[in-house]
Amino acid sequence: MAARPVRPNGQSPANKVCQFKLVLLGESAVGKSSLVLRFVKGQFQEFQESTIGAAFLTQTVCLDDTTVKFEIWDTAGQERYHSLAPMYYRGAQAAIVMYDMTNTDTFGRAKTWVSELQRQASPNIVIALAGNKADLSANRTVEYEEAQAYADDNSLLFMETSAKTAMNVNDLFMAIAKKLPKSEPQAGPGATATGRAGRGGVDLNQPTQTNKTQCCGN
């Protein structure tokens, strides 16, 4: 199945548009913001400031005759923000749980996030496990086989990624897009915040305390 990022002007009018809420979870400094920046803008910053609360970005990808719009919530990894996480993953159709493959503790924390999503998030949520910083694989402390076995046991998508080199970044989001249902009705432009919440949507007209940046590109 062909899949490619698409700019707004490149979208075919005949395409069915599906909009999905996706949340990123994981320990601080595992590279969540860097992964999103690479996916949305095709950029990497060596020194990325820590996210405060959550940041909001969007990106659109094309799968055959379906245009998939991701509404991405990049959550802060610091423990003091943990209590806010349910506000962001509630109603999400997809989640990326990240760890740093050079830090075993972050893998353990990722397992905790997966368990929390399995208990409290939407029952049909698509969860992907991402082992980031593959460019530092010589320093890995989490073996690929261990993470893959855990992902298999919990029915998770799994890829090792590198936000720095872009390894598997687009592939990860494409794999998620392919697993999401494309037959559900999508909220129209006039939908209310309450009406869209059931589909995991976000009312972009409502003020939030997050950083909003709408960018489309590779």
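Residues 24 or more positions apart account for 75% of the contacts in the protein chain with a separation of 6 or more. The model is a predicted one. Its protein chain has six helices and eight strands. Along the sequence these elements follow the order β-β-α-β-β-α-β-α-β-α-β-α-α-β. The chain contains 218 residues, and buried residues make up 49% of them. About 10,500 Å² of the protein chain is exposed. Carbon and sulfur atoms supply 48% of that area.

Confidence varies along the chain. The average pLDDT is 78, and 70% of the residues score at least 70. Over residues 6-12 the pLDDT is below 50. Beyond near neighbours in sequence, this stretch has nine contacts in the model. The pLDDT is also below 50 over residues 185-218. That stretch has 69 contacts in the model beyond near neighbours in sequence.

Helix H1 spans residues 32-41. The helix is mostly covered, with nine of its 10 residues buried. The buried set consists of Lys32, Ser33, Ser34, Leu35, Val36, Leu37, Arg38, Phe39 and Val40. Among them are the charged residues Lys32 and Arg38. Gly42 follows H1 and has a positive phi, near 70°.

H1 packs against helix H5, which covers residues 169-179. The two axes come within 9 Å and cross at roughly 85°. An angle of 65 to 115 degrees counts as roughly perpendicular, and H1 and H5 are therefore roughly perpendicular to each other. On the H1 side, the contact is made by Leu35, Arg38 and Phe39. On the H5 side, Val169, Asn170, Leu172 and Phe173 take part. By class, the contact has five nonpolar, one polar and one charged residues. Leu35, Arg38 and Phe39 also appear among the buried residues of H1. An α-helix has 3.6 residues a turn, so residues three or four places apart point the same way.

Beyond H5, the chain enters a loop that leads to helix H6 (193-197), and Lys182 lies in this loop. Lys182 has a relative accessible area of 18%. The cut-off for burial is under 20%, so Lys182 counts as buried. Its contacts, not counting residues up to four places away in sequence, are with Lys16, Cys18, Phe20, Leu63, Thr66, Val68 and Ala177. One of these partners, Thr66, is 116 residues away from Lys182 along the chain. The C-alpha atoms of Lys182 and Thr66 are separated by 7.7 Å.

Two residues on either side of helix H4 (144-153) have unusual backbone angles for their type. Most residues other than glycine have a negative phi. Lys133 is not a glycine, yet its phi is positive, about 70°. This residue is found in the loop between strand E6 (126-132) and H4. At 23% relative accessibility, Lys133 counts as partly exposed. Ser155 is likewise not a glycine and has a positive phi of about 55°. Ser155 lies in the loop between H4 and strand E7 (157-160). With a relative accessible area of 64%, Ser155 is exposed.

Technical notes:
Residues numbered from 1 in each chain as written. Predicted model: local features only at pLDDT ≥ 70, side-chain atom pairs only at ≥ 80, totals over all residues. Heavy atoms only, no water. Axes fitted to C-alpha atoms, helices over the stretch in contact; angles between N-to-C directions. Helix = DSSP H or I, 4+ residues; strand = E, 2+ residues; numbered from the N terminus. Parallel < 35°, antiparallel > 145°, perpendicular 65-115°, else oblique. Contact = heavy atoms within 4.5 Å. Buried < 20%, exposed > 50% of the residue type's maximum accessible area, 1.4 Å probe, protein only. Areas by Shrake-Rupley, 256 points an atom, 1.4 Å probe, with all protein chains shown as cover. pLDDT = per-residue confidence, 0-100.
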